[in-house]
Amino acid sequence: MNNVLIEKYANLIVNVGANVQKGQIVDISSSLENAWLAEIIMEKCYQAGAKFVSIQWVNDKTSVIAYKYASLDVLKEIKPYTRARLEWLTDNKVVRIHIDDDDPNAFKDVDSEKMAESSKDISKLAKDLFDKIEGEYQWCIAAAPSKKWAKQVFPNDTEEEAVQKLWNMIFKMCRIDEATDELALWKEHNDKLVNRCKFLNDLDLEYVQYKNSLGTNLKVYLADGHIWQGGKNITKQGIDYLPNIPTEEVFSTPHAYKVDGTLVSTFPLNYNGVLIKDMRFTFKDGKVIDFSASEGQDTLKHMLNMDENANRLGEIALVPYNNPINNSKTLFYSTLFDENASCHFAFGECYNDTIKNYEKYSKEELNKKGCNNSIIHVDFMVGSSDLSIIGHTKKGEDVVIFENGNFAFEK
């Protein structure tokens, strides 16, 4: 392992991604396999001035055992210590860092209905709590290879070779090498994302029309008062942070009740450790009225029925086909990377801060503007080399936004 690159990566996560400030509390979640990286990140948080840093260890194997033997009633029960921890995180507006190294097949043999049902109540509790402090804390998701994830991406290599290859890919996708200043590169990249947002915000779009040769033909209205964001977010206290490392997207809020047509996925979706492939959806008045998948259809069905709005869209995100992640020609089996290789949507909860002056509106008022409210937020990829997106402005003009998979204005 290249210690110089690891140090640069940890520095990027703490000081650009989470942008930890003096006196803040930080909570890190990590698997035991990558405990060594969590320890490095923990130390850098303290060096950045954190008051206290905790680590929550996660283990897919123990979760699988629990799903196999524990009853649904027991799994659904919110334990007092779980509630107390979530309340502590929200009461203290804790900065959250998650190291993503999920095994894509970890839960493939678990009863998908039992898994979905057991998570509903805790998901709702977490959502209700974190809704109260929306925009008041930083969070960052970054990745580290696990052996099983690496072998899924590079099946013909030994575990050691696969892990090293995946680390090399992560460094490259995150613009990290020994010779360059990664913080300067990320500033330059962020400026490009900001320019794309300006282009889209200046259009003042009413709706967009997606089409490609795979069968996608979808009309998507934007929520009233929507704005496009990309790159860094800014908290209400003026602290900027980068929620995802890496990131290539600009995103906004689709109108939850004004989406019609057919949408075809272009990448598999890894949802709760189950791969869902070749998804196809039919929308009417914003709601999925028909769907199919060549694999994982039962899991997809449970996902779309998690609550009454899980089958409506909460995010629209634009990513050019010509980008470092997609150009790697690697399927990562990880939403963090695959969503940044491709234009995508998300089912479920929207990001309220993509509505202008969102803090002035109640949840009901935001819903009337088209904002979706759900306990899930699941990204799935729809970009292709021939994707066309035509925007229709409120002035009645049609503008080519995407042509052959890329931003038309950046030719």
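**Cavities, buried loops and a hairpin**

The largest cavity has a volume of about 120 Å³. The model that holds this cavity is predicted. In total, the structure contains two cavities of 30 Å³ or more.

Start with the walls of the largest cavity. Its lining includes Trp139, Gly231 and Asn233. Leu242, Pro243, Asn244 and Thr247 also line it. Glu249, Phe251 and Tyr351 complete the list. Sorted by class, the lining has five nonpolar residues, four polar residues and one charged residue.

Now turn to the second largest cavity. Its volume is about 70 Å³. Glu349, Cys350 and Asn352 are among its lining residues. So are Lys363, Leu366 and Asn367. Cys371, Asn372 and Asn373 line this cavity as well. By class, the second lining counts three nonpolar, four polar and two charged residues.

Next come two loop residues. Phe267 sits in the loop between β11 (254-264) and β12 (269-271). Is Phe267 buried or exposed? Phe267 counts as buried, because its relative accessibility is 13% and the cut-off for buried is under 20%. Beyond residues up to four places away in sequence, Phe267 touches Met279, Asn326, Leu331, Asp338, Ala341, Ser342 and Met381. Take Met279 from that list. Met279 and Phe267 are 12 residues apart along the chain, and their C-alpha atoms are separated by 8.7 Å.

Val94 is the other loop residue. Its loop runs between α5 (80-91) and β3 (95-100). Val94 has 0% relative accessibility, so Val94 counts as buried. Which residues does Val94 contact, leaving aside neighbours within four places in sequence? They are Ile25, Val26, Asp27, Trp88, Leu89, Tyr137 and Gln138. For a longer span, look from Val94 to Ser294. These two residues are 200 apart along the chain. Their C-alpha atoms are separated by 40 Å.

Finish with the strands around β19. Strand β19 covers residues 388-393 and runs antiparallel to β5, residues 205-211. Six bridges join β5 and β19. Within this pairing, Lys211 stands opposite Ser388. β19 also pairs with strand β20, residues 398-403. Here too the strands run antiparallel, with four bridges between them. Ile389 of β19 faces Phe402 in β20 as its opposite residue. How many residues lie between β19 and β20 in their hairpin? There are four. Gly396 is in the turn, with a positive phi of about 90°.

How values were computed. Residues are numbered from 1 along each chain as its sequence is written. This is a predicted model: local features need pLDDT of at least 70, side-chain atom pairs count only at pLDDT 80 or more; totals for chains, interfaces and linings use all residues. Side-chain values use heavy atoms; hydrogens and water are left out. On a 1 Å grid over the protein atoms alone, a cavity is a set of points where a 1.4 Å probe fits but cannot get out, and a pocket is an open set with protein on both sides within 12 Å along at least five of seven lines; lining residues have an atom within 4 Å of a point. Grid points are joined across faces, edges and corners, and a volume is the space filled by probe spheres set on the points. Ala, Val, Leu, Ile, Met, Phe, Trp, Tyr, Cys and Pro count as nonpolar, Asp, Glu, Lys and Arg as charged, and the others, Gly among them, as polar. Buried means under 20% relative accessible area, exposed over 50%, partly exposed in between (1.4 Å probe, protein chains only). Contact means heavy atoms within 4.5 Å. Two strands pair if DSSP finds at least two bridges between them.
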